Amino acid sequence: MLSVNNIEVVYNHVVLVLKGLSLKVPEGSIVALLGSNGAGKSTTLKAISGFLPLEDGEITDGWIEFAGEDLAGLAPHQLVRKGLFQVMEGRRIFEDLTVEENLSCGAYTRRDRGEVKADMDKCFSYFPALKDRYKSLAGYLSGGEQQMLAISRALLARPKLMMLDEPSLGLAPLLVEEIFEIIGQINRQEGVTILLVEQNAQIALSVSSYGYIMENGRVVLDGPVERLLNDQDVQEFYLGLGQGGGRKSYREVKHYKRRKRWLS
Amino acid sequence: MWFFLELIANGIAVGGVYALIALGFVLIYKATSIINFATGEFMMIGAYFFYTFMVMLGLPAIPSFLLVMLGSAALGFAVERAILRHMLGQPTISIVMVTIGLSSILLGLAELIWTSDFKNFPPLFPRAPIIMGEVVIRSNFFWGFVIAMAAVVVFALLFKYAKVGVAMRATANDQMSAFSMGINVRTMFTVAWSMGAIAAALGGLIIGNIGGIQPTLGMVGLTIFPVVILGGLDSIAGAVVGGFIVGIVENLAGGYLHEYVPGDVKELAPFVVLVLILLIKPYGLFGKEEIERL
């Protein structure tokens, strides 16, 4: 459904952030894009959702295709109409608006008012907490509720592809699990394809079917989740497991001696 | 006592009109973070539009009124598209200079088109003053107030409930996030400028109806500054309350202090109150606490 082909992204005409990145998101799946800080995950999402020009970034090479269409030069609001919705990092809900108004902003591109109402009810069945706060200002919601609101807002746009940028950011582990549980449900029940950007590899791989691992603006490893989970490097560097499969002990200070194999 | 009440009543009437013009500032500032120093000229042009339609073309009052709204919306649209869109991302001071320049251009254009002669509208409302108990209000003030308040309420409702109003508030809150909702932020800027121009034009029309029109009518915009700053630049409620405060203070000062203080104490008083209030609440009565450097 989405294919990113060999893109290169430059910020401010100088800083090369993505160095020939490719990835594919098949229809109906959840694909995880993992990597540490500064690997270029968010930049990848921004390249897809058309936000780069707003931050002085530019795609200098390669192309992005969505549902068979080249996305070059489309502004973010046009991409939303094509069915591509990004839930931005840090939730970015409208604090001065009520929960209800936030949700209706999500449905901004839609004309079918009656169905929007039904979809709102659907969101409340996924996230009952929002229903009680319907009329209150979104700025007063807790972090978890705000993330729920951000995802609901995305659902109301009825996207074909939903891109989530670090939905686990700043949330308690229990809540993270709950939210990822629901992300999985949304994918299965609504048939929304999901591209998931995460630092928390463990939780991201638990819901997705395919994963890409990024470092320094490149994909260094990709494969079906089962394979990634069994990969020694992934286990050690992203899942925090030792070689024996158990928890890693930091007493063995020599852990740095082992190099990531994909680097050499 | 009746003198005091009358001053208050007239203050409220004028304050309502001030509130409407202040709304012209607020609508634009809220969505685009630009202080439009040409608001006074938008008022003046609006008043001249009305004069053109009603006196020069001989149309009846209500169609002229509607055409003024249409015309000033077009003016706001044109100004945003032609000038301010290209200023996106420039430093605030440059944008401020552009709007000040714009005010001079509009003033010059008005003198070219309509000459600088003093002009009057034909009487629009029944001449008889409105009498409430002992208080007497001139009919032009009274009806001006009614129209201004109606317009303020319409704008407020639009902002609160209409889809485009919600989208505009969302844009004001977080532009990037609004973009990601599929809201075309640039369109919202244009809409804000059009709505701001309409609010200013209606205010100009009412003031022109009270005191006649001249290209320098825009100077009233100066009186509106205390209103906007008093209420907080980004608050509709602030514009309304600020409008009433300035209107009332102005009238009371004019009524009571006139004998003791030489010069135009009526125009000075609101600024004194403004300074006092800003000492206590630096962001205005209802403003968001953010630092805006000019």
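**Exercise 1. Work out how the two faces of strand S7 of chain A are covered.**

Step 1. Take one face of S7(A): A:Leu161, A:Met163 and A:Asp165 lie there, and they are buried (20 or more other C-beta atoms within 10 Å of a residue's own, with C-beta atoms placed from the backbone; exposed is 12 or fewer, and partly exposed falls in between).

Step 2. Turn to the other face, where A:Met162 and A:Leu164 are buried too.

Step 3. Put the faces together: five of the five residues of S7(A) (161–165) are buried. Strands here are DSSP runs of E with at least two residues, helices are runs of H or I with at least four, and both are numbered from the N terminus.

A word on the model: it is predicted, local features need pLDDT of at least 70, side-chain atom pairs count only at pLDDT 80 or more, and totals for chains, interfaces and linings use all residues. Residues are numbered from 1 along each chain as its sequence is written, while chains are lettered from A and ligands numbered from 1 in the order in which they are written.

**Exercise 2. Find the neighbours of S7(A), then place the strand in its sheet.**

Step 1. Start with strand S6 (residues 84–87) of chain A, which pairs with S7(A) in the parallel sense over four bridges (pairing takes at least two DSSP bridges). A:Phe85 has A:Met162 as its bridge partner in S7(A).

Step 2. Look at the side chains of S6(A): A:Leu84 and A:Gln86 point one way, A:Phe85 and A:Val87 the other, and all are buried.

Step 3. Move to strand S8 (residues 193–198) of chain A, which is joined to S7(A) by five bridges and runs parallel to it. Here A:Leu164 stands opposite A:Leu196.

Step 4. Add the pair formed by strand S3 (residues 30–35) and strand S9 (residues 210–215) of chain A, parallel over five bridges, with A:Ile213 as the bridge partner of A:Leu34.

Step 5. Write down the order: S6-S7-S8-S3-S9-S10 in chain A, an open sheet of six strands with mixed pairing. S6 and strand S10 (218–224) each have a single partner strand, so one side of each has no neighbour in the sheet. From one strand to the next, the twist averages 15°.

**Exercise 3. Is A:His13 buried or exposed?**

Step 1. Locate A:His13 in the loop between strand S1 (2–11) and strand S2 (15–25) of chain A.

Step 2. Count its surroundings: A:His13 is exposed because 9 other C-beta atoms lie within 10 Å.

Step 3. For a sense of distance, compare C-alpha positions: A:His13 and A:Ala154 are 141 residues apart along the chain and separated by 32 Å.

**Exercise 4. Describe how helices H1 and H9 of chain B cross.**

Step 1. Begin with the axes (lines fitted to C-alpha atoms over the stretch in contact, with angles from 0 to 180 degrees between N-to-C directions). Those of H1 (residues 2–32) and H9 (residues 220–231) come within 9 Å and cross at roughly 65°.

Step 2. Classify the angle: H1(B) is therefore roughly perpendicular to H9(B) (65 to 115 degrees; under 35 is roughly parallel, over 145 roughly antiparallel, and the rest oblique).

Step 3. List the contact residues (C-beta atoms, placed from the backbone, within 7 Å). H1(B) supplies B:Tyr18, B:Ile21, B:Ala22, B:Phe25 and B:Val26, while H9(B) supplies B:Ile224, B:Val227, B:Val228 and B:Gly231.

Technical notes
Two residues are in contact if their C-beta atoms, placed from the backbone, lie within 7 Å.
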